[in-house]
Amino acid sequence: MPVSDALLTATKPELLDKDGDRTLRGVLYDYFAFGRSLEAARETFASFVGLSPTQYLILIAIKNSTAEKPMGVNQVAERLYLSGAFVTNEINKLVSDGLIEKSPHPGDGRRVQLTLTEHGINLLIRLAALQRPVNDALFGMLTREEFRVLSQMLSRLASNADSALKLAEHVRATLTSQNNEASRAEPERVRKKRRASRQSLR
């Protein structure tokens, strides 16, 4: 395999062009830069109202629930791509702080639904005054159609991310095992080469 091909960070034709993976790397650099901005904005929003970034996201997720699709712990965890145990712990803190409340699910007595308290609503109203100009600045250069396409693409990418990470762990373990075997085998190859060299001198 040519060195240039061995250095490629993807193989799917859709991700490559005449410059190899240069466009893909550019996409990732831009995505990382924008991601850092989003993380900083989230931390700013959360600290403005005295919450952790995760608690802030949980409140927003519950705010966007509907009567037809009420949010429970599992729904919040799925929406935020977080573990149920972690979300449960954070929700309990928000309940203790009087920002959300639990009530029986109308269709399933084994489940609970989460709603904002008046205190929680007032906190988000105060926060929205900060969110509006920042979100307008972050996304305001997009047309409505571009924003719709971005929304769909990010949803697809996010839903596939867990599978990609599991694949990364599997491939890493396989490559590590192969490298370890190669390291153990190397001295034997060296010894064989030396023995062959000595025999040729006799």
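This passage describes the helix packing, one loop residue and several salt bridges of the structure above.

The structure is a predicted model, in which local features need pLDDT of at least 70 and side-chain atom pairs count only at pLDDT 80 or more, while totals for chains, interfaces and linings use all residues. Residues are numbered from 1 along each chain as its sequence is written, and side-chain values use heavy atoms, with hydrogens and water left out.

A good place to begin is the overall layout. The protein chain contains 7 helices and 2 strands, where helices (H or I, at least four residues) and strands (E, at least two) are DSSP runs numbered from the N terminus. Along the sequence, these elements follow the pattern α-α-α-α-α-β-β-α-α. Of the 202 residues in the protein chain, 21% are buried; buried here means under 20% relative accessible area, exposed means over 50%, and partly exposed lies in between (1.4 Å probe, protein chains only). Contacts are counted between heavy atoms within 4.5 Å. Among contacts in the protein chain with a separation of 6 or more, 45% come from residues 24 or more positions apart.

Next comes the packing of helices α2, α3 and α6. Two packed helices are described by the angle between their axes and the distance between the axes. The axes are lines fitted to C-alpha atoms, for helices over the stretch in contact, and the angles run from 0 to 180 degrees between N-to-C directions. Angles under 35 degrees count as roughly parallel, over 145 as roughly antiparallel, 65 to 115 as roughly perpendicular, and the rest as oblique.

Helix α2 (residues 22–48) packs against helix α3 (residues 53–63) at an angle of about 85 degrees, and their axes are 8 Å apart. The two helices, α2 and α3, are therefore roughly perpendicular. On the α2 side the contact is made by Arg42, Glu43, Phe45 and Ala46, and on the α3 side by Pro53, Tyr56 and Leu57. By class, the contact of α2 with α3 comprises 5 nonpolar, no polar and 2 charged residues. In this scheme Ala, Val, Leu, Ile, Met, Phe, Trp, Tyr, Cys and Pro count as nonpolar, Asp, Glu, Lys and Arg as charged, and the others, Gly among them, as polar.

Helix α2 also meets helix α6 (residues 118–139), with axes that come within 10 Å and cross at roughly 170 degrees. This angle makes α2 roughly antiparallel to α6. The crossing of α2 and α6 is right-handed, a term for the near helix being turned clockwise from the far one by less than a right angle, whereas an anticlockwise turn is left-handed. From α2, the contact involves Phe34, Leu38, Ala41, Thr44, Phe45 and Phe48; from α6, Arg126, Leu127, Leu130, Gln131, Val134, Asn135, Leu138 and Phe139 take part. These residues of the contact of α2 with α6 divide into 10 nonpolar, 3 polar and 1 charged.

The remaining pair in this group is α3 and α6, whose axes come within 12 Å and cross at roughly 105 degrees. Helices α3 and α6 are thus roughly perpendicular to each other. Tyr56, Leu59, Ile60 and Lys63 of α3 make the contact with Leu123, Leu124, Leu127 and Gln131 of α6. The contact of α3 with α6 has 6 nonpolar, 1 polar and 1 charged residues.

Leu15 offers a look at a loop, the one between α1 (3–6) and α2. With a relative accessible area of 38%, Leu15 is partly exposed. Leaving aside neighbours within four places in sequence, Leu15 is in contact with Ala10, Gly20 and Leu24. Leu15 and Arg25, 10 residues apart in sequence, lie 9.8 Å apart in space, C-alpha to C-alpha.

Finally, the count of salt bridges comes to 5, each defined as a side-chain nitrogen of Lys or Arg within 4 Å of a carboxyl oxygen of Asp or Glu. Arg42 pairs with Glu39 in one salt bridge, the closest N and O atoms being 2.8 Å apart. Arg42 and Glu39 are separated by about one helical turn because they are 3 residues apart in helix α2. Arg42 is partly exposed at 22% relative accessibility, and Glu39 is partly exposed at 39%. In helix α7 (residues 144–201), Arg148 and Glu145 are 3 residues apart, about one turn of the helix, and their side chains meet in a salt bridge (2.3 Å, N to O). Arg148 is partly exposed, with a relative accessible area of 36%, as is Glu145 at 44%. Helix α7 also holds Glu169 and Arg172, 3 residues apart, which form a salt bridge with the closest N and O atoms 2.8 Å apart.
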